[in-house]
Protein chains: 2
Amino acid sequence: MPVGTLASVKSLTTEQLKQLGSVIPSSSEGSQDATTSHSEILPLRCAQGQDDGRTGPEIILCNTYHLMLRPGIDLLEQLGGVHRFMGWDRAVLTDSGGFQLFSLASIRKIREEGVEFRSHIDGSPYFLSPERSVEIQSRMGVDVAMAFDECPAYGLSHSEVEKSMELTHRWARRSLAARRESALFGIVQGGVHNDLRKRSAEEIGGMDFDGVAIGGVSVGEPKQEMLEVVNFTAPLLPADKPRYLMGVGTPEDLVEGVAAGIDLFDCVMPTRNARNGTLFTSFGKVSIKNARFAADPRPLDPACSCVGCRTVSRAYLRHLFLNGEIAASVYNTIHNLTHYLDLMRSIRQSIASNSFGSFRDVFLSRISSGDEEAKA
Amino acid sequence: MPVGTLASVKSLTTEQLKQLGSVIPSSSEGSQDATTSHSEILPLRCAQGQDDGRTGPEIILCNTYHLMLRPGIDLLEQLGGVHRFMGWDRAVLTDSGGFQLFSLASIRKIREEGVEFRSHIDGSPYFLSPERSVEIQSRMGVDVAMAFDECPAYGLSHSEVEKSMELTHRWARRSLAARRESALFGIVQGGVHNDLRKRSAEEIGGMDFDGVAIGGVSVGEPKQEMLEVVNFTAPLLPADKPRYLMGVGTPEDLVEGVAAGIDLFDCVMPTRNARNGTLFTSFGKVSIKNARFAADPRPLDPACSCVGCRTVSRAYLRHLFLNGEIAASVYNTIHNLTHYLDLMRSIRQSIASNSFGSFRDVFLSRISSGDEEAKA
C-alpha cells in the first residue's frame with residue numbers, strides 16, 4: 001500500500017497513481033523456475049486485480065491522525081469521504097491514529113477511556129478513543145479501518161509492554177463493538193517479547209476482525225529483531241484472514257515478510273526515499289545524486305518500465321534532483337512505487353506458479369551483488 | 001511556450017507536458033460569432049499541429065544561461081542535446097542568455113566583444129558573446145536559437161537605451177554570421193521609446209533572421225507602457241516571419257498581443273503562479289488558498305478539462321496547497337498550462353473562422369466580470 005498521509009500520495013496526482021506499475025512478462029526469472037514448491041506460502045488475499053492488466057495499486061493507506069487535523073473529519077464527510085476527496089475509486093485503508101499519537105502529538109494523556117492530545121501543528125486539543133477512531137474512519141468512508149491501539153516505544157520493559165498490550169486488547173474489543181460499515185482489522189502488539197506476541201496473536205486472532213495486523217515494529221528496533229518478531233508472529237495469525245505488517249519496509253523486508261506469511265504492507269519508504277533521491281532498482285538501492293551518474297546516459301533501471309526509466313537518463317534524473325526541480329520528486333516517486341508494485345506482482349506470480357522460494361533466492365542474491373553493478 | 005528553464009517545465013514530467021491541453025469544442029463561443037472580420041490578424045505561423053487532436057505544447061523555451069551553468073553545455077552535448085536529455089521530441093527554443101545575464105549574474109563586465117560574468121550560483125567565471133551564445137544553443141541542438149542581445153533596464157535615459165540598442169544591433173549581425181543548424185530569431189530593443197523601437201524594428205527586421213522578437217519588455221515597466229510598445233512595434237515587424245513577444249504574460253496580455261499581431265509568447269507566469277497557488281480560470285484569476293474554497297466541492301473551472309478539474313474539487317486543491325503537498329504544484333501547473341494552451345487554441349480557431357475580434361471582446365468582458373463569479 002502506497003502511503004497517502006493527507007489523502008495524497010506525495011508528489012503524484014491521483015491519476016498518476018492509477019497509472020503506476022507495469023506488466024511483468026510471464027517469462028520473468030522467478031516464475032520460470034517452478035522446481036521449488038512453497039505451498040505453505042499463504043495466498044495474498046488482499047492483493048486483488050493487479051494481474052488483469054490494470055495498472056496502479058488497488059489500495060492505499062491514509063492517516064486518520066493527519067486527516068482529522070487537516071482538513072478535518074467534518075469537512076471530509078461533508079465532501080463525500082476520502083475517496084471522492086482525492087478522486088480515488090479503489091480501496092483505502094486508514095490507520096487508527098494510534099501510531100501517530102505516540103510519535104507526533106506534542107502532549108498526550110493516556111487513560112483507559114482514550115487519549116487526549118494536542119495537535120503537533122497548532123496545539124489544539126483532540127481526543128481519540130477506540131469508539132471515536134472507528135467512528136472517524138467510517139465517516140471518512142474507508143474500506144478498511146484499523147482498531148485503535150497503543151504502540152509502545154522500543155526498549156520498554158517486559159512489564160511495561162505487557163501493560164500496554166493489555167490496554168490494546170481491551171481497546172480492540174471496544175473497537176469491534178463500535179464497528180460500522182468499514183471492514184475492521186485488529187492489531188497484535190507485544191514488542192519484541194515472544195510470550196507477549198503469542199498472547200496477543202491469540203487474543204486478537206480470536207476476535208471477529210476482518211484481518212489482523214502486526215503492529216509495534218519499525219519503531220526503532222534493529223532490523224534482525226523486527227524480522228524475528230515477524231517470523232515468530234505471522235504463523236500464529238489466523239490462516240483465513242489477511243495478515244498486514246504495519247510500517248514495513250525495504251524491498252527485502254517485503255520478500256521476507258511474504259516468506260513469513262504476510263499479505264499486506266505499508267511504508268513511506270518508497271515515497272520518502274524518492275524525495276531524498278534514494279531509488280530502488282533491480283540491482284539494489286542507489287543515490288541518484290552520486291557523481292558517477294553525472295554523464296550516465298542509461299536509464300536508471302533497464303528492468304523497470306516506469307516513465308522515467310523509459311524516457312530519460314540517470315544523468316537527467318541527477319540533474320533534476322541536484323537542482324531541486326519538483327519533477328525530480330515526481331519521477332523518483334513514480335519509479336520507486338513502480339518498483340514496489342512490480343515486486344509485489346512478481347511475488348504473487350511466483351506464488352501462483354509455486355516458485356516463490358527460488359524467486360526469493362534470486363531476488364536476495366541479486367540485491368546483495370547488485371549495488372556493484374550500479375557502480376560499474 | 002511553457003518555460004522549461006533547466007530542461008524541465010517545473011513540476012511536470014515530460015510525458016505530463018505532452019498530455020497537457022484539451023480539445024476545444026468547435027462550437028466554442030468565439031468561433032460561433034463570425035460576423036466580425038479581422039483578416040488583418042496575422043496567421044500564427046509558429047503554432048503548428050495543436051488542432052489535429054494532439055495534446056500538449058508544440059514548443060517550449062529553455063534558458064541558455066541556466067543550462068550552461070547546470071548541467072553545462074559539454075555534458076548536454078555529450079548526452080545528445082536538450083531534446084534527448086529531457087525526453088522531449090517536439091520543438092525547443094532557447095533564449096540567448098542575454099536577459100538572465102542582466103537580471104541574475106552577480107558580476108558582469110560588458111564589452112563590445114561580449115560579457116564576462118560570474119555564475120549566480122557559485123561565482124565561477126563565464127563568458128558569453130554573440131558567437132558563443134549561438135554556438136552553445138546549436139550545440140544543445142535547439143530548433144530555434146535567439147540572437148545575443150543586451151536587455152536594458154526600465155528607466156534608463158533615451159541615450160543609454162539607444163547606445164544599448166546599437167550594441168544589440170551589432171551583436172545581431174554577429175549572431176547571424178555565426179548561425180549554424182538552428183533557426184535564428186533576432187531581437188528588437190529600444191525600451192519605451194518609439195523612435196528607437198522603429199529604428200530597431202527596421203534594422204532587425206531587415207536582417208536575414210527566421211523570426212523576430214520584441215525584447216526588453218516585462219522588465220518593470222507599467223503594463224500600459226508594455227502594451228503601447230507592443231502595439232507600436234509589432235506592426236513594424238516583417239509580415240512573413242514569426243513575431244515573438246518575450247516574457248509576456250497574463251491571459252489578457254496574450255489576447256492583446258495577438259490583436260497586435262504577435263504569434264509566439266513565453267512566460268513563467270502560468271507555472272510560477274501555479275506553484276504559488278494562483279490559478280487562471282475562465283472567470284479570472286483565483287487564489288486557491290482562499291478560505292471560501294475550504295468546503296467547495298466544485299471543480300476549479302468547469303470550463304477546463306485538465307485532470308484536476310475533471311477529478312478533484314476546489315476544496316481538495318486548497319487542502320493540498322495549504323499543506324505543502326508537492327501534488328499541489330503538479331495539479332496547479334497542469335491546470336494553468338492547460339488554461340494557457342486552450343486559450344491559444346481558441347484564439348487560433350477564432351482567427352481561422354474570422355471571429356477573433358468578437359472572441360477578444362467576449363474574453364475580456366468575461367475576465368473583468370468573472371472574478372465575482374468565483375466569489376459567488
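This passage describes the strands of a sheet in chain A and of two hairpins in chain B.

The model is predicted; local features need pLDDT of at least 70, side-chain atom pairs count only at pLDDT 80 or more, and totals for chains, interfaces and linings use all residues. Residues are numbered from 1 along each chain as its sequence is written, chains are lettered from A and ligands numbered from 1 in the order in which they are written, and side-chain values use heavy atoms, with hydrogens and water left out.

In chain A, an open sheet of 3 strands follows the order β3-β4-β5, with antiparallel pairing. Strands (E, at least two residues) are DSSP runs, numbered from the N terminus. Two strands pair if DSSP finds at least two bridges between them. β3 (108–110) and β5 (125–128) of chain A stand at the edges; each has a single partner strand, so one side of each is left without a neighbour in the sheet. Neighbouring strands of this sheet are turned by 15 degrees against each other on average, direction ignored. The axes are lines fitted to C-alpha atoms. β3(A) is joined to antiparallel β4(A), residues 115–118, by 3 bridges. One bridge pairs K109(A) with E116(A).

In chain B, β3 (residues 108–110) pairs with β4(B) in the antiparallel sense over 3 bridges. The two strands form a hairpin with 4 residues between them. Here R108(B) stands opposite F117(B). β4(B) also pairs with β5(B), residues 125–128, in the antiparallel sense over 4 bridges. V115(B) faces L128(B) across this pair. The hairpin of β4(B) and β5(B) has 6 residues between the strands, and G123(B) takes a positive phi near 75 degrees.

Note on methods: Axes are lines fitted to C-alpha atoms, for helices over the stretch in contact, and angles run from 0 to 180 degrees between N-to-C directions.
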